[in-house]
Amino acid sequence: MRDKLVVGNWKMNGGLAANAKLLARLASEWTHRERRKLVVCVPAPYLGQAQAALSSGAVMWGVQDVSEHASGAYTGEVAAGMAAEFGCRYAIVGHSERRRLHGETDRVVGAKAAAALAGGLVPVACVGETLDERERGATEEVVARQVDAVIEALGAAMCRCVVAYEPVWAIGTGRTASPEQAQAVHALLRSRLAAAGAGDVSVLYGGSVKGSNAAALFAMPDIDGALVGGASLDADEFLTIARA
Ligand code: PEP
């Protein structure tokens, strides 16, 4: 049975005072629900703050990226094992902003997913096509290639991963894929995951998810939750999405 999961991605936003308010709201208003999980992926410097604010409640926390290496001369990088020491449970890997702005290839994303698992974190592996790729009919080819790279890197451990379909044209643009558009891609991802023995992996949708559109997306049979950027910075919006 697949878990329902909503993951917030704060991106490079936040500050001690604002985080304290947001984390306190989430901690007090989200209670444990069977097979329903709520996660916030905070900037790495705030992991200790997230741990202190959330460790006695039901909300979990994660990071937005990890190094593909476990330790060593990689200045500025954060290893999965380091994040795990702060009680962190999840790591986003392969976000389109990392692929586009930091040149992360499918191979690197696969290696980061493997490093996250090895360090004790659940990777949330992101895939998604650009507007140009969608317009020239390459959506299926692109997301299949991206998810196959993670499947190849993880092998049998793929069943311990989470996948997020995030069409790049919908991220931070206010333009959401329709539930039917998202479902079509989720079904494709599900069939590739099932063929790899990982059909029960949670597949999240991400891209301008808000309180007002979450329920329609979550009604689709292969959408198991959301990866939420902007709206995860607003407690009311984020909790409305989580409750949907
Ligand atoms: C994201 O950053 O993963 C994302 C989906 O952003 P937004 O919800 O703001 O589109």
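Helix H7 passes helix H8 in a right-handed crossing in this predicted model. H7 spans residues 139-154 and H8 spans residues 179-195; their axes come within 10 Å and cross at roughly 35 degrees. On the H7 side, the meeting residues are Thr 139, Glu 140, Val 143, Ala 144, Val 147, Asp 148 and Ile 151. Their counterparts in H8 are Val 185, Leu 188, Leu 189, Arg 192 and Leu 193. By class, the residues of this contact of H7 with H8 comprise eight nonpolar, one polar and three charged.

A second helix pair is formed by H1, residues 16-29, and H2, residues 47-54, which pack at an angle of about 35 degrees with their axes 9 Å apart. H1, too, passes its partner H2 in a right-handed crossing. From H1, the contact is made by Leu 16, Asn 19, Ala 20, Leu 23 and Ala 27. H2 contributes Gln 49, Ala 50, Ala 53 and Leu 54. The residues of the contact of H1 with H2 divide into seven nonpolar, two polar and no charged.

The model also holds a ligand, which 14 residues surround. The closest of these are Lys 11, Glu 166, Gly 172, Ser 208 and Gly 229. The shell around the ligand consists of four nonpolar, eight polar and two charged residues. Three contacts to oxygen atoms of the ligand are set out below.

| Residue | Protein atom | Distance to a ligand oxygen atom |
|---|---|---|
| Lys 11 | polar side-chain atom | 2.7 Å |
| Glu 166 | side-chain N or O atom | 2.8 Å |
| Gly 230 | backbone N or O atom | 2.8 Å |

Taken alone, the ligand exposes 290 Å², and the protein buries 95% of that area. Lys 11 and Glu 166 thus appear both among the closest residues and in the table, where each takes part through its side chain. Gly 230, by contrast, approaches a ligand oxygen atom with a backbone atom.

How values were computed
Residues numbered from 1 in each chain as written. Predicted model: local features only at pLDDT ≥ 70, side-chain atom pairs only at ≥ 80, totals over all residues. Heavy atoms only, no water. Axes fitted to C-alpha atoms, helices over the stretch in contact; angles between N-to-C directions. Helix = DSSP H or I, 4+ residues; strand = E, 2+ residues; numbered from the N terminus. Left-handed = near helix turned anticlockwise from the far one by under 90°. Contact = heavy atoms within 4.5 Å. Nonpolar A, V, L, I, M, F, W, Y, C, P; charged D, E, K, R; others polar. Near = heavy atom within 4 Å. Polar contact = N/O pair within 3.5 Å; in protein donor to acceptor, adjacent residues only side chain to side chain. Areas by Shrake-Rupley, 256 points an atom, 1.4 Å probe, with all protein chains shown as cover.
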